[in-house]
Amino acid sequence: MTLIEFLSGRYGELLLKGLIVTLQLSGVTLAASFVIGVALTLIRLSPLWIVQQAVGLLVDAIRSVPLLVHVIFWYFGAPELLPDGLRMWLYARDVNFICAAIAISIYAGAFISEDLRSGLRSIPRGQSEASLSLGFSGFETFRYIILPQAFRISVPPLLGQAMTLTKNTSIALMIGVPELVYQARRIQDITYEPLMPYASATLVYVVICAILTLASRAYSRTALAHRTELERTPNTREQSA
Amino acid sequence: MIEILQNYWLQLLIGGFPHTPLGGLALTLILAVSGLVLAMPVGLLMAVPLRSRFRPVKALAELVVFYIRSVPLLLHVLWVYFLMPAIIGVSFPPAITMLITLVLFNGAYISKIVVAGIDALPRGQTEAALSLGFGRVQTMRHIVLPQALRNMLPSLVSQLSLLIKETALGAAIGATEAMQTFLDLADNLPGQAIQVYALLALAYFALCYPLLLVGRRLERRGSRAAKIATEPAS
């Protein structure tokens, strides 16, 4: 059986369903983790030392625990802590998907906030000093001078996080979310033949990552080409599993 | 939580050993440390073709590294677990499967770190060594690598903390490392599952957080050293 024959049949359909769930989960968590990352970064800019330290420790703690532990906690642990009404509401819905999305969003959000923070920190002090001395207020300086530059620097690491996040959604299979790898395993259980389903799933991930890698390269070439002094992108921290 | 620790600490630490193969946190540590020790030379070896001046070799190496990095670790684990036996006819216990996967996976990441570290070194170092009569290999071995390795240290430390977290995926194929051991315990203590998960999170935190701090410290020291080195004497 060739790969084409395999994919055009019933199993292709299952894998396609899995791909759709993977893309949904990636999309939802990418948006949510970006919001979480920005929020954490903004809170960390607080002038209060204790707030900075507390959020910093929280981010480090989230990053120190494997994603699988986060996922298991949000799926098996957290619902127990909810009031009955909310729990019923949750279980009436796609609880696996929701819990996986929450866990991955928080985990990736912590990594994104680190990337954004090192983006912010890589802006030379002279920028804000010059802007303040030109009469911009503190907020205006941040909004018009610092943020645009920091964001531009953060785009390549953020695309890297998008790639890692997409790969990390595969961990949701451990709590039964029917994403791509889950479907591949299911087909293996039906046919007792691992090669075709795993090869197909692998191919899909390679294509997704190739697209994101090309996007990242294109961005670095065009957007950063004329900004030599800022071209050094900050150290990215992979989320990994 | 304290009570769980008092009653089950030995099981969490070493699994069912000596009645079953070694498990628990001990297996996690062994996997992480031996994973890194083996992934270092693999990463160095993979870096050689990545810096080859022979285009096809370089392209092929780039392709292999890209492939390894773009597929989820979980999928790699399943490949090694289900397909290696089919291809080479030998099946490994889950812990060994996990180790093989971790070594290849992290080797690919380390090779990228090594290449970046070598490329970051000023060309003058290589040129000076060559003009002093060192051979290519000698230059690499005595001049370039020692300096590059020092620059790579922060990245390598954070790679180790990733490696520790990645061992948790052993639970997907039934390797009885910390993740699996704690999950089994949570199954046996239905009312206290949350506390077991909290302990598990704490265990990983205790392993990874110090590495995070060490990595950050090395990074800060490294960037200061780099600044001193590049600043012209005034």
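Which residue meets A:E114 in a salt bridge? The partner is A:R44, and the closest N and O atoms are 2.9 Å apart. The legends below take that pair and several other views in turn.

This is a predicted model, in which local features need pLDDT of at least 70, side-chain atom pairs count only at pLDDT 80 or more, and totals for chains, interfaces and linings use all residues. Residues are numbered from 1 along each chain as its sequence is written, chains are lettered from A and ligands numbered from 1 in the order in which they are written, and side-chain values use heavy atoms, with hydrogens and water left out.

**View 1. A salt bridge inside chain A joins A:E114 and A:R44.** A salt bridge here is a side-chain nitrogen of Lys or Arg within 4 Å of a carboxyl oxygen of Asp or Glu. The two residues come from distant parts of the chain, 70 residues apart. A:E114 sits in helix α6 of chain A, and A:R44 sits in helix α2 of chain A. Helices (H or I, at least four residues) and strands (E, at least two) are DSSP runs, numbered from the N terminus. A:E114 is buried, at 4% relative accessible area. A:R44 is buried too, at 11%. Buried means under 20% relative accessible area, exposed over 50%, and partly exposed in between (1.4 Å probe, protein chains only). Over all chains, the whole structure holds 9 salt bridges.

**View 2. A salt bridge crosses from A:D60 to B:R216.** Side chains of opposite charge can pair when their charged atoms come close. Here the closest N and O atoms are 2.9 Å apart. A:D60 belongs to helix α3 of chain A, and B:R216 to helix α9 (residues 193-230) of chain B. Is A:D60 buried or exposed? A:D60 counts as buried, because its relative accessibility is 3%. B:R216 counts as partly exposed, at 22%. The count of salt bridges between chain A and chain B is 1.

**View 3. A salt bridge in chain B links B:E62 and B:K112.** The closest N and O atoms are 3.5 Å apart. B:E62 is in helix α3 (residues 55-70) and B:K112 in helix α5 (residues 94-120), so the pair ties together parts of chain B that are 50 residues apart in sequence. B:E62 is partly exposed, at 29% relative accessibility. B:K112 is partly exposed as well, at 32%. Elsewhere, salt bridges that share partners join A:D60, A:R63 and B:R216 into one network.

**View 4. Chain A and chain B meet across about 3,500 Å² of buried area.** Buried area is the accessible area (1.4 Å probe) that two parts lose on being put together, summed over both. Carbon and sulfur atoms give 71% of this area. In chain A, A:S64, A:K167 and A:Y198 lose the most area to chain B, together 14% of what that side buries. The contact (heavy atoms within 4.5 Å) takes 44 residues from chain A and 34 residues from chain B.

**View 5. Polar contacts and helices at the interface.** Between the chains, 6 residue pairs are in polar contact, both residues being at pLDDT 80 or more. A polar contact is a pair of N or O atoms within 3.5 Å; within protein, one must be able to donate a hydrogen and the other to accept it, and residues adjacent in sequence count only if both atoms are side-chain atoms. Several helices of chain A each supply at least two residues to the side that touches chain B, among them α3 (49-64) and α6 (95-121). The largest share, 10 residues, comes from α10(A).

**View 6. A:S170 lies in a loop of chain A, between α8 (138-168) and α9.** A:S170 counts as buried, at 1% relative accessibility. The side chain of A:S170 reaches the backbone oxygen of A:K167 at 2.7 Å. Not counting residues up to four places away in sequence, A:S170 touches A:E179, A:V181, A:Y205, B:P72 and B:L74.

**View 7. B:M40 lies in helix α2 (residues 24-50) of chain B.** Leaving aside neighbours within four places in sequence, B:M40 is in contact with B:I110, B:L149 and B:L156. B:M40 and B:L162 are 122 residues apart along the chain, and their C-alpha atoms are separated by 14 Å. Chain B has 9 helices and 0 strands.
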